[in-house]
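Work through the following exercises with the sequence and the model at hand, and try each task before reading its solution.

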Amino acid sequence: MASTTSADHKLPRPAEHVAIIMDGNGRWATNRGWPRLVGHRKGAERVKEIVRCAPDLGIRWLTIYAFSTENWKRSTEEVVGLMSIFARYIEREADRLAAEGVRMRFIGDRSPLNPRLRALMAGIEARTAGFTRLNLTVAINYGGRDELTRAMRGLAADVAAGRLAPEAVTDALIGSRLDTADLPDPDLVIRTSGETRTSNYLLWQAAYAEYEFTPTLWPDFSPAELAQIMSRFGNRERRYGGVASG
C-alpha cells in the first residue's frame, strides 16, 4: 500500500489574524444581579487568558474590539469605569506582555480619550514595539465608518491640494491610510454573546474574513472554545470570489 503523502490531504490552515468582538460583559453581570462594570472587569480577565493562549493556536495577530465610537452613548458611570479598566489593564499587564513577547498597539481616534490613558497607550506601544510573538491590537474609540471617514478626508485634502491625482486612489492606497495600515487583513472575525451583527468593526479589512458567531458571553469565552473555532476555520475553503478548487 502506498504511503500517504502531504499531497494526498490538506492540513488545516491557521487563522493567523483573528479579530474578536467581545460582546456580553454587561449581560453576564446583569444575569447575576451585579453591576455591569463587574462584567467588564471579568471580561478584562478573559482577555488575559485569550492573549496567553493565542500563539499556541497559530494566531500571530489578535485584534480586539474594546470600545466603539458608539459606546459613548452609555452612562457616564459605565464609560468612566471602562476607561479606568483600560488604564488598569495596561499598567498591570505591561510587564507580562513584554516578558511574553507580545506587541501591543491601539487603533481608533484617541483625541477624545483622557491624557493619562493616551500616555499609557503610547508608553506600552513604545515599550513592546520590537516584539513579534503576538501582535495584540486593541480598538478603542474605534468605528469602521469613522476610520474610513478620516481616511477619505485625508485623501480628499491631498487631491484638493494637488498632491494626489484622483486616479491614483486605489484599494492599496486607501488601506495605507487606515488605522490598520501595518496589519494584515483578518482571516477570522469572532463575535460572542449570540448577536450576529458586525457592529461597525473592521468594515474594510474584513471584506473576505470568515465569521463565527457564538452564543457564549465574553466573560465565559474560553481558550477551549477558541481552539474549537480555530479548528473549524482550518477546514474552510476561502475562495475570495473565485470557485472551489479541485
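**Exercise 1. Determine how the span of helix α4 compares with the expected one, and which of its residues are buried.**

Solution. Helix α4, a DSSP run of H or I with at least four residues, numbered like the strands (E, at least two) from the N terminus, comprises residues 115–128 in this predicted model. Its 14 residues reach 20 Å from the first C-alpha to the last, close to the 20 Å expected at 1.5 Å a residue, where the expected span is 1.5 Å times one less than the number of residues. At the start of α4, a side-chain oxygen of Asn 114 comes to within 3.1 Å of the backbone nitrogen of Arg 116.

Next, take accessibility, with buried meaning under 20% relative accessible area, exposed over 50%, and partly exposed in between (1.4 Å probe, protein chains only). The buried residues of α4 are Leu 117, Met 121, Ile 124, Glu 125 and Thr 128. Because they cover an arc of only 105° around the axis, they lie on the same side of α4, the arc being that of the directions from the helix axis to the C-beta atoms. Pro 115 and Ala 126, on the other side of α4, are exposed. The cover over the buried residues includes α3 and β3 (102–107).

As for the conventions, residues are numbered from 1 along each chain as its sequence is written, and side-chain values use heavy atoms, with hydrogens and water left out. Local features need pLDDT of at least 70 and side-chain atom pairs count only at pLDDT 80 or more, while totals for chains, interfaces and linings use all residues.

**Exercise 2. Locate the largest nonpolar core and follow the contacts of Met 104.**

Solution. A nonpolar core is a set of buried Ala, Val, Leu, Ile, Met, Phe, Trp, Tyr and Cys residues joined through side-chain atoms within 4.5 Å. The largest has 41 residues, and those with the most contacts inside it are Val 18, Ile 20, Val 51, Leu 62, Met 104 and Leu 136. Helix α3 (residues 76–99) gives the most to this core, with nine residues. A second, separate core of eleven residues includes Ala 19, Ile 21, Ala 139 and Val 189.

Now turn to Met 104, counting as contacts heavy atoms within 4.5 Å. Leaving aside neighbours within four places in sequence, the partners of Met 104 include Ile 124, Glu 125 and Thr 128, which are among the buried residues of α4. Tyr 89, Ile 90 and Leu 97 are also among the partners of Met 104.

**Exercise 3. Examine the loop between β5 (188–191) and β6 (210–213), asking which residues there have a positive phi and where Trp 204 makes its contacts.**

Solution. Most residues other than glycine have a negative phi. Ser 193, although not a glycine, has a positive phi of about 90°, and Leu 202, likewise not a glycine, has one of about 50°. Both residues lie in this loop; Ser 193 counts as buried because its relative accessibility is 8%, and Leu 202 counts as buried at 2%.

Trp 204, in the loop between β5 and β6, is partly exposed, with a relative accessible area of 31%. Beyond its neighbours within four places in sequence, Trp 204 is in contact with Leu 148, Asp 171, Ile 174, Gly 175 and Leu 178. The C-alpha atoms of Trp 204 and Glu 147 are separated by 9.4 Å, although these residues are 57 apart along the chain.

Notes. A polar contact is a pair of N or O atoms within 3.5 Å; within protein, one must be able to donate a hydrogen and the other to accept it, and residues adjacent in sequence count only if both atoms are side-chain atoms.
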